[in-house]
Amino acid sequence: LATKTKLEILKISDVVIAMTTQKLHSLQELRNIIDGGKILNKDNTLIALGRYDDKMKFNAKNLSRNVLKQSKIINTIPYCSLVFEAIQEGKLIDVLWRILNLKDKDENYLLIQELHRLNQDIENMVTMLRMRR
């Protein structure tokens, strides 16, 4: 029952964010699912790497170019212990509000920068989908 409900939600969603790990196998598997078109639609699905670590061998640039065969860099959600702890304590909004205007010297700046980029990609996709309708 839960799987049927999830599939129905995916079918009616304007934009789907498909979260995956930074492992090569996981990303290839997700790419195959999207290319198959039965569960996720190419036109309304964005891929994001969760708990992203830019120091790993398979970084966003390598994965985008070699696995996804695209020039645009895949979206990432860098691991942030501050956010992880806030989620555990039920205080995510408070923490995000506090760190929203961080400057580039802060260790959590990359997270905010990537969240802004993901937000922009979502907005661009919604605009594109509206123009098609």
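**Close-up views of a predicted model**

The mean pLDDT of the protein is 90, and 98% of its residues reach 70 or more; pLDDT is the predictor's confidence in each residue, from 0 to 100. This is a predicted model, in which local features need pLDDT of at least 70, side-chain atom pairs count only at pLDDT 80 or more, and totals for chains, interfaces and linings use all residues. Residues are numbered from 1 along each chain as its sequence is written, and side-chain values use heavy atoms, with hydrogens and water left out.

**View 1. The whole chain holds 6 helices and 3 strands.** Both kinds of element are DSSP runs numbered from the N terminus (helices: H or I, at least four residues; strands: E, at least two). Following the sequence, you will meet them in the pattern α-β-α-β-α-β-α-α-α. The C-alpha trace spans about 40 × 35 × 30 Å along its principal axes. Among the elements, helix H1 (residues 2-12) has the lowest mean pLDDT, 86, and S3 the highest, 95.

**View 2. Three strands form an open sheet in the order S1-S2-S3, with parallel pairing.** Strands S1 (16-20) and S3 (75-78) stand at the edges with a single partner strand each, so one side of each has no neighbour in the sheet. On average, neighbouring strands are turned by 30 degrees against each other, direction ignored. Here axes are lines fitted to C-alpha atoms, for helices over the stretch in contact, and angles run from 0 to 180 degrees between N-to-C directions.

**View 3. S1 meets strand S2 (residues 45-52) in the parallel sense over 5 bridges.** Two strands count as paired if DSSP finds at least two bridges between them. For a spot to zoom in on, take Thr20, whose bridge partner in S2 is Leu49.

**View 4. Helices H2 and H6 pack on the sheet.** Helix H2 (residues 24-36) touches S1 and S2, and its direction makes about 165 degrees with that of S2; contact means heavy atoms within 4.5 Å. Helix H6 (residues 109-132) lies across S1, S2 and S3, running at about 145 degrees to S3.

**View 5. The lining of the largest pocket takes its largest share, 4 residues, from H6.** H2, S2 and H6 each supply at least two lining residues. Of the 16 residues in the lining, Thr45, Leu46, Gln70, Lys72 and Met125 lie nearest the pocket's centre. A pocket is an open set of points on a 1 Å grid over the protein atoms alone, where a 1.4 Å probe fits, with protein on both sides within 12 Å along at least five of seven lines; lining residues have an atom within 4 Å of a point.
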